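Q: I would like to learn how to read features of a helical model from its coordinates. Could we go through the structure together, one feature at a time?

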Amino acid sequence: MGIIELVFLSVGLAMDAFAVSICKGLEMPVTNYKRAGIIALFFGAFQAGMPVAGYLLGSRFQKYIESVDHWIAFALLALIGGQMVYEAFRKDGGEQENKDGSSVFSIKQLIILAIATSIDALAVGITFALLKGTNIFLSAGMIGIITFIISFAGVVIGNKFGNKYERRAQLAGGIILIAIGLKILLEHLRIIAF
């Protein structure tokens, strides 16, 4: 696989992480570049690690992973999206946040979101194992770096909109997460094609 193809593949894989990063940015009361960098690092690291894991698993486990990956991604994204929608409708306006947005910054939630958005990269790693001459570490590094950059931008972009619309932004973010999960599920069930 050439560098140009790898860049396009990396951007494609990063799109779910970008959308989720926007949702995380929507929840932040102020732009915090350090937190944006850490969120992007989570998405980039998981997006880079999953192809390596898939490569190491190889084709032996492909049928097992492909049979459930879409359900796992859907469940995780729907769970967190549903929580965001619930918080948006709570009487007090949701969680009380610190001025630095620390309620948005749950490590547990970031891990769940990073896993949910990188499951497709696991399948890509399995595909890399079947291709001859693929440098998995170069490929995974490129995927991770591009995902980091795109996710960082997503957090900042989301924050710019979130500061203006507050509760509606949190509601929209939750709905977007649920929609991403549903899209992943419907694509894998071949009900829709994108």
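A: Let us begin with helix H4, bearing in mind that this is a predicted model. Helix H4 covers residues 107-130, 24 residues in all, and reaches 34 Å from its first C-alpha to its last, which is close to the 34 Å expected at 1.5 Å a residue.

Q: At which residue does H4 bend, and by about how many degrees?

A: The bend in H4 is found at Ser118 and amounts to about 45°.

Q: Which residues form the nonpolar patch on the surface?

A: In general, residues three or four places apart on an α-helix point the same way, because there are 3.6 residues a turn. Here the patch is formed by Ile3, Val7, Val11, Met15 and Leu138, which together have about 370 Å² of accessible area. Helix H1, residues 3-27, supplies the largest share with four residues, while Leu138 belongs to helix H5, residues 136-188.

Q: Why does Leu138 count as partly exposed?

A: The partly exposed class lies between the buried limit of under 20% and the exposed limit of over 50%, and Leu138 falls into this class because its relative accessibility is 46%.

Q: Is Ile146 buried or exposed?

A: Ile146, also in helix H5, is buried, because its relative accessible area is 14%. Its C-alpha atom is separated by 7.5 Å from that of Gly44, although the two residues are 102 residues apart along the chain.

Q: Where is Asn32 found, and what lies 3.1 Å from a polar atom of its side chain?

A: Asn32 sits in the loop between H1 and helix H2 (33-57), and it is buried, with a relative accessible area of 18%. A polar atom of the Asn32 side chain lies 3.1 Å from the backbone nitrogen of Lys34.

Conventions: Residues are numbered from 1 along each chain as its sequence is written. This is a predicted model: local features need pLDDT of at least 70, side-chain atom pairs count only at pLDDT 80 or more; totals for chains, interfaces and linings use all residues. Side-chain values use heavy atoms; hydrogens and water are left out. Patches are made of residues with over 30% relative accessible area and no salt bridge: like charges are joined within 9 Å, nonpolar side chains (Val, Leu, Ile, Met, Phe, Trp, Tyr) within 5 Å. Accessible areas come from the Shrake-Rupley method with a 1.4 Å probe; for residues, only the protein chains shown count as cover. A salt bridge is a side-chain nitrogen of Lys or Arg within 4 Å of a carboxyl oxygen of Asp or Glu. Helices (H or I, at least four residues) and strands (E, at least two) are DSSP runs, numbered from the N terminus. Buried means under 20% relative accessible area, exposed over 50%, partly exposed in between (1.4 Å probe, protein chains only). A polar contact is a pair of N or O atoms within 3.5 Å; within protein, one must be able to donate a hydrogen and the other to accept it, and residues adjacent in sequence count only if both atoms are side-chain atoms. The expected span of a helix is 1.5 Å times one less than its number of residues. The bend at a residue is the angle between axes fitted to the seven residues ending there and the seven starting there.
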